[in-house]
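Trainee: I'd like to take a close look at one part of this model and then see what sits around it. Could you walk me through it?

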Amino acid sequence: MPLRNRTTLTQYLIEERRRFPGSSGDFNSLILDVALACKAIARSVAMGELGGMYGDQAGVAGAAVNVQGETQKKLDVLSNEMFIRISQWGGHLAGMASEEMDHPYQIPAQFPRGKYLLVFDPLDGSSNIDVNVSVGSIFSVLRAPQEAIDTGRDVTEQDFLQLGVQQVAAGYALYGPTTMLVLTVGNGAAGFTLDPNLGEFMLTHPKLQVPEDTQEFAINASNSRFWEAPITRYVDECLAGKSGVRGKDFNMRWIASMVAEAHRILMRGGVFMYPRDNKDPSKAGRLRLLYEANPIGMVMEQAGGRASTGREPMLSVKPDGLHQRIGLVFGSKNEVERIELYHNEPTEKHNDNPLFSERSLFRI
Ligand code: AFP
């Protein structure tokens with residue numbers, strides 16, 4: 001469709017910000033910087049081995065390791081640098097935080113500081129890079145504390161520890177067969193497809209809505225022996241299909257790229273679970289609250305879905321650390337609410353049911 005019939009990301013942002021007549025345009029410029037970083041990352045992802053993009057980042061002794069204790073891929077590091085280089089100079093940010101950096105990033109002295117905080121996972125799904133499966137970037141925008149804005153001081157970890165409901169924008173880029181940007185600025189969620197000829201993100205999905213019901217669930221089933229009882233119950237019921245209490249068959253997916261799972265769920269419904277489990281008691285989950293669970297959670301909630309820890313709404317969790325991990329369930333509203341019900345049901349009540357036991361679908 002020729003450009004004249006399409007809305008660009010810039011036009012969408014300007015139209016959205018008309019709701020705030022006094023706005024300075026800082027916010028729009030920041031989102032466009034993020035979009036540019038995603039376009040640059042998309043090109044590097046597309047080059048793959050041709051651009052020398054595969055493989056681990058070299059460290060002092062073998063592969064480099066990030067604050068999470070995870071091996072860093074070359075693209076993890078490059079993507080992180082792109083987010084920083086493209087967004088640090090514009091005067092919109094008081095500071096940044098990233099999965100790939102131990103501490104908050106201070107805006108260099110030669111650049112003006114602004115009123116927003118940018119939090120991001122520069123490349124999510126890194127284990128899929130070398131096998132050419134879709135990966136993505138996830139971002140979240142918060143307002144910096146007013147006194148940080150007024151004084152221009154260095155940001156602290158505490159500045160970032162805000163509830164998910166305090167995000168002013170969130171979204172992701174998906175580097176798939178097409179590169180897409182999904183964004184919420186607090187007024188629904190919209191999808192943009194990158195026109196590679198123009199280099200512009202074009203509005204293709206103006207009002208994303210997650211179907212309230214689904215027959216598709218996503219979980220890494222290899223962890224099933226570590227799950228808590230409510231998750232085991234929910235998955236067992238899905239596997240029982242028509243012959244069980246759900247009365248319908250389910251399909252299972254697992255891509256190991258949360259951005260790709262989130263996008264599928266936005267497009268056709270579904271439920272994603274990476275629950276808290278006892279695989280590693282030192283970790284309260286695999287996914288990180290500030291730059292994975294909260295931004296994806298805001299997008300899902302803005303699109304009529306739900307995001308939860310399994311027990312409570314994700315966006316109301318008070319963060320206690322920059323790299324805090326958390327159990328994450330999101331997707332079709334009725335499925336997420338069912339999972340929360342199972343978590344909040346008194347255990348003895350469920351166990352009294354003659355049809356179920358903690359370990360398997362039916363008491364043997
Ligand atoms: P990586 O970025 O380290 O590959 O982690 C991706 C992720 O955070 C999320 O995108 C996936 O849903 C999840 O981890 C996959 O975890 P498993 O590899 O344990 O299935």
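Which strands each supply at least two residues of the lining of the largest pocket?

Mentor: Keep in mind that this is a predicted model. The strands you're after are β5 (116–124), β13 (271–274) and β14 (287–288), and each of them supplies at least two residues of the lining of the largest pocket. Of these, β5 gives the most, with three residues.

Now for the pocket itself. The space in the largest pocket comes to about 660 Å³. Its lining counts 32 residues, and the closest to the pocket centre are Glu 70, Tyr 274, Arg 286, Leu 287 and Arg 288. If you're thinking about the chemistry of that lining, the split by class is 15 charged, nine polar and eight nonpolar residues.

Let's move on along the chain to helix α8, which covers residues 289–302. This helix is mostly covered, with 12 of its 14 residues buried. The buried ones run from Leu 289, Leu 290, Tyr 291 and Glu 292 through Ala 293, Asn 294, Pro 295 and Ile 296 to Gly 297, Met 298, Val 299 and Met 300. Just after α8 comes Gly 304, with a positive phi of about 80°.

One partner of α8 is helix α7 (residues 258–268): the two pack at an angle of about 10°, and their axes are 11 Å apart. Angles under 35 degrees count as roughly parallel, so α7 is roughly parallel to α8. On the α7 side of the contact you'll find Met 258, Ala 262, Ile 265 and Leu 266, while α8 brings Glu 292, Ile 296, Val 299 and Met 300. By class, that contact has seven nonpolar residues, one charged residue and no polar ones. The spacing of such contacts has a simple background: an α-helix has 3.6 residues a turn, so residues three or four places apart point the same way. And those α8 contact residues, Glu 292, Ile 296, Val 299 and Met 300, are also among the buried ones.

Last, the enclosed space. Searching the whole structure turns up two cavities of 30 Å³ or more. The second largest cavity holds about 40 Å³ of space. Around this cavity sit Glu 228, Ile 231, Pro 275, Arg 276, Thr 309, Gly 310, Arg 311, Val 329 and His 343. By class, the lining of the second largest cavity has three charged, three polar and three nonpolar residues.

Note on methods
Residues are numbered from 1 along each chain as its sequence is written. This is a predicted model: local features need pLDDT of at least 70, side-chain atom pairs count only at pLDDT 80 or more; totals for chains, interfaces and linings use all residues. Side-chain values use heavy atoms; hydrogens and water are left out. On a 1 Å grid over the protein atoms alone, a cavity is a set of points where a 1.4 Å probe fits but cannot get out, and a pocket is an open set with protein on both sides within 12 Å along at least five of seven lines; lining residues have an atom within 4 Å of a point. Grid points are joined across faces, edges and corners, and a volume is the space filled by probe spheres set on the points. Ala, Val, Leu, Ile, Met, Phe, Trp, Tyr, Cys and Pro count as nonpolar, Asp, Glu, Lys and Arg as charged, and the others, Gly among them, as polar. Buried means under 20% relative accessible area, exposed over 50%, partly exposed in between (1.4 Å probe, protein chains only). Helices (H or I, at least four residues) and strands (E, at least two) are DSSP runs, numbered from the N terminus. Axes are lines fitted to C-alpha atoms, for helices over the stretch in contact, and angles run from 0 to 180 degrees between N-to-C directions. Angles under 35 degrees count as roughly parallel, over 145 as roughly antiparallel, 65 to 115 as roughly perpendicular and the rest as oblique. Contact means heavy atoms within 4.5 Å.
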